[in-house]
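Got your viewer open? Load the model below and keep the selection box handy, then we'll walk through it stop by stop.

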Amino acid sequence: MAKVAIVYHSGFGHTKVLAEAVARGAASVDGTTVELVPVAEAEARTDVLNSADAIIFGSPTYMGSVSGQFKTWADTTAKIWFAQAWKDKIAAGFTNSSGPSGDKFSTIAYLWTLAMQHSMIWASQGVMVGTRQDDLTLNRLSSWGGVMATSENAAPGESNPSKDDQASAASLGARVAGLAKRLKG
Ligand SMILES: Cc1cc2nc3c(=O)[nH]c(=O)nc-3n(C[C@H](O)[C@H](O)[C@H](O)COP(=O)(O)O)c2cc1C
């Protein structure tokens, strides 16, 4: 049984919609257990992260990087870093913002850097740009390092972020769960 944890922050709910899509995708892989961990609970639920085979990081893009809330939690993982306790877990990342670019790449790059500091194994998005699946378009924004999504300045919901971007998030969850399962043997 491979365990996938998704640790995320969402100030207004749009990144949470993506996190839930990632979770659905991961859960679609047989033999996977999935835990959604809002960043406010992440320090208290460190045991969930320590026992996971894969950790997927998600943050909105605020001022061209992860949110302050996400970074504050990331800094609390320094003790885990010191012990290199997450070494060789699979890692991946996703972000959402309102701008089509919005400097989302900086956020993905930060999430990757966090994973590298923890000696984790980074899973790329792994989907050809514009791949069609069930009338939806995966990797719409041509982001190879992780999933990028764009949300409207309106309430989060089943189409905000777009269904395309939610499908990309689900695809990332399934990819990471599949990799974790293979790594576990
Ligand atoms: C403090 C702050 C900074 C932001 N900075 C950016 C930014 O750099 N690029 C961008 O495209 N959108 C930016 N936005 C818009 C958010 O990315 C957008 O509201 C998104 O939906 C937030 O996700 P959330 O609902 O999960 O919090 C910013 C919003 C806030 C509140």
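Accessible areas here come from the Shrake-Rupley method with a 1.4 Å probe, and for residues only the protein chains shown count as cover. On that footing, the accessible surface of the protein is about 8500 Å², with 55% of it belonging to carbon and sulfur atoms. Before you click further: this is a predicted model, where local features need pLDDT of at least 70 and side-chain atom pairs count only at pLDDT 80 or more, while totals for chains, interfaces and linings use all residues. Numbering runs from 1 along each chain as its sequence is written, and side-chain values use heavy atoms, with hydrogens and water left out.

**Whole view**

Select the C-alpha atoms: along the principal axes they fill a box of roughly 40 × 35 × 25 Å. Switch to cartoon and you should find seven helices and nine strands; these are DSSP runs numbered from the N terminus, helices being H or I with at least four residues and strands E with at least two. Of the 185 residues, 49% count as buried, a label that means under 20% relative accessible area, with exposed over 50% and partly exposed in between (1.4 Å probe, protein chains only). Contact means heavy atoms within 4.5 Å; among contacts with a separation of 6 or more, 74% link residues 24 or more positions apart.

**The cores**

Next, select Val-7, Leu-49, Ile-55, Phe-57, Phe-70, Trp-73 and Trp-86. They have the most contacts inside the largest nonpolar core, which has 25 residues. Such a core is a set of buried Ala, Val, Leu, Ile, Met, Phe, Trp, Tyr and Cys residues joined through side-chain atoms within 4.5 Å. Elements that each supply at least two of its residues include strand S1 (2-8), helix H3 (46-50), strand S3 (54-62) and helix H6 (104-117). H6 gives the most, with five residues.

Which residues does Leu-49 touch, if you skip those up to four places away in sequence? Show Ala-5, Val-7, Val-37, Ala-42, Ile-55, Trp-73, Trp-86 and Lys-89. Then pick out Val-4, Ile-90, Ala-123 and Val-147, which are among the 24 residues of a second, separate core.

**Around the end of H6**

Go to Ser-119, in the loop between H6 and strand S6 (121-122). Ser-119 is partly exposed, at a relative accessible area of 26%. Leaving out residues up to four places away in sequence, Ser-119 touches Gln-84, Trp-86, Lys-87 and Asp-88. Draw a C-alpha distance from Ser-119 to Ile-90, 29 residues apart along the chain, and it comes to 9.5 Å.

Now try Ala-83, in helix H5 (residues 78-83). Ala-83 is exposed, with a relative accessible area of 56%. The C-alpha atoms of Ala-83 and His-118 are separated by 9.2 Å, with their positions 35 residues apart along the chain.

**Backbone oddities**

Is Asp-135 buried or exposed? Zoom in on the loop between strand S7 (131-133) and strand S8 (136-138), where Asp-135 sits: the residue is exposed, at 67% relative accessible area. Its phi is near 65°, a positive value in a residue other than glycine.

Asn-139, in the loop between S8 and S9, also isn't a glycine and has a positive phi of about 50°. Asn-139, though, is buried, with a relative accessible area of 2%.

Last stop: select Asn-160 and Pro-161, joined by a cis peptide bond with omega about 5°. Pro-161 lies in the loop between strand S9 (147-150) and helix H7 (163-184).
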